[in-house]
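I opened my notebook to write down what I looked up in this structure. The entries follow the order in which I looked.

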Amino acid sequence: MDNDIIIEEIDSALKKARFTLPERVIKSEDLKELAYSSKNIKQFCLMIKMIFIFHQSNPQNKSILSLLKDSVSKSGYPYNEWLEAIEYLSIWLSKRNSHGCLKDIIQYISCIVEFNSNKIPQSLCILLELMLDTYGFDKKTKSLNIHS
């Protein structure tokens, strides 16, 4: 794929995200890091929607990205694997006509990381899949159609 097209898509997505999320919710450098750590534009847009929904419901909270970054730094897993895991869980919930708050999703993944801390290293999505198959996700809310 043409790199110029990809850069144009990212720039366009960043502009839309900046319009959607104010600086108090996500700093410009954090927004860029999120964009360039995302697997693709679709994953980046999903994260923007989830951040927007969280801050609409929790306007007084500090940025949800600070919780995500803290969780990433404590986990030993890279940022991009966390984004993939968040996307995986979001899709898993969507298939069940449910949704989860981004904060609850981050906390669930953090618990998985802690649970597996002394075991054989595996990708975060594989661990997540195993836990969801075994225990499910108990913090479901009604679907908000974030995958539309």
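**Entry 1: a glycine after a helix**

What phi does glycine 136 take, just after helix 7? I looked up the angle and found a positive phi of about 70 degrees for glycine 136. I note here that the model is a predicted one.

**Entry 2: helix 7 itself**

I then checked the length of the helix that comes before this glycine. Helix 7 covers residues 124-135, which is 12 residues. At 1.5 Å a residue the expected span is 16 Å, and I found the end C-alpha atoms 16 Å apart, so the two values agree.

Which residues of helix 7 are buried? My list reads Leu124, Cys125, Leu127, Leu128, Met131 and Leu132. I looked down the helix axis and saw these buried residues of helix 7 fall within an arc of 155 degrees, so they line one face. I added a reminder from general knowledge: an α-helix has 3.6 residues a turn, so residues three or four places apart point the same way. On the other side of helix 7, I found Asp133 and Thr134 exposed.

I also asked what covers the buried residues of helix 7. The cover includes helix 5, residues 79-95, and helix 6, residues 102-115.

**Entry 3: the loop before helix 7**

I picked asparagine 116, which sits in the loop between helix 6 and helix 7. Is asparagine 116 buried or exposed? Its relative accessibility is 10%, and the cut-off for buried is under 20%, so asparagine 116 counts as buried. Leaving out residues up to four places away in sequence, I found that asparagine 116 touches Tyr77 and Leu127. Leu127 was already in my notes as one of the buried residues of helix 7.

**Entry 4: the whole chain**

I stepped back to the full chain. I counted 7 helices and 2 strands in the protein chain. From the N terminus on, the order is α-α-α-α-α-β-α-α-β. Of the 148 residues in the chain, 41% are buried. The accessible surface comes to about 8,800 Å², and 53% of this surface belongs to carbon and sulfur atoms.

I looked at contacts between residues at least 6 apart in sequence, and 67% of these join residues at least 24 apart.

**Entry 5: leucine 14**

I chose a residue from helix 1, residues 3-20, and settled on leucine 14. The relative accessible area of leucine 14 is 11%, so this residue is buried. Which residues does leucine 14 touch, not counting those up to four places away in sequence? I wrote down Leu31, Lys32, Ala35, Tyr36 and Phe44. For one of these, lysine 32, I also looked up the distance to leucine 14: the two are 18 residues apart in sequence, and their C-alpha atoms are 7.2 Å apart in space.

**Entry 6: cysteines**

How many disulfides are there? The count is 0 disulfides. I checked the accessibility of two cysteines. Cysteine 45, at 33% relative accessibility, counts as partly exposed. Cysteine 111, at 51%, counts as exposed.

**Entry 7: salt bridges**

Side chains of opposite charge can pair when their charged atoms come close. I counted 4 salt bridges by the rule used here.

I began with lysine 69 and aspartate 30, whose closest N and O atoms are 2.7 Å apart. This pair links distant parts of the chain, with lysine 69 in helix 4 (residues 64-75), aspartate 30 in helix 2 (residues 28-37), and their positions 39 residues apart. Aspartate 30 is buried at 18% relative accessibility, and lysine 69 is partly exposed at 28%.

I next looked at glutamate 33, which forms a salt bridge with lysine 69 at 2.8 Å between the closest N and O atoms. Glutamate 33 lies in helix 2 and lysine 69 in helix 4, so the pair ties together parts that are 36 residues apart in sequence. Glutamate 33 counts as partly exposed, at 33% relative accessibility.

I then found glutamate 87 in a salt bridge with lysine 39, with the closest N and O atoms 3.4 Å apart. Glutamate 87 is in helix 5 and lysine 39 is in the loop between helix 2 and helix 3 (41-57), so this pair ties together parts 48 residues apart in sequence. Glutamate 87 is buried, with a relative accessible area of 8%, whereas lysine 39 is exposed at 52%.

Which residues do salt bridges with shared partners join into one network? I wrote down Asp30, Glu33 and Lys69.

Terms used:
Residues are numbered from 1 along each chain as its sequence is written. This is a predicted model: local features need pLDDT of at least 70, side-chain atom pairs count only at pLDDT 80 or more; totals for chains, interfaces and linings use all residues. Side-chain values use heavy atoms; hydrogens and water are left out. Helices (H or I, at least four residues) and strands (E, at least two) are DSSP runs, numbered from the N terminus. The expected span of a helix is 1.5 Å times one less than its number of residues. Buried means under 20% relative accessible area, exposed over 50%, partly exposed in between (1.4 Å probe, protein chains only). The arc is that of the directions from the helix axis to the C-beta atoms. Contact means heavy atoms within 4.5 Å. Accessible areas come from the Shrake-Rupley method with a 1.4 Å probe; for residues, only the protein chains shown count as cover. A disulfide is a pair of cysteine sulfur atoms within 2.5 Å. A salt bridge is a side-chain nitrogen of Lys or Arg within 4 Å of a carboxyl oxygen of Asp or Glu.
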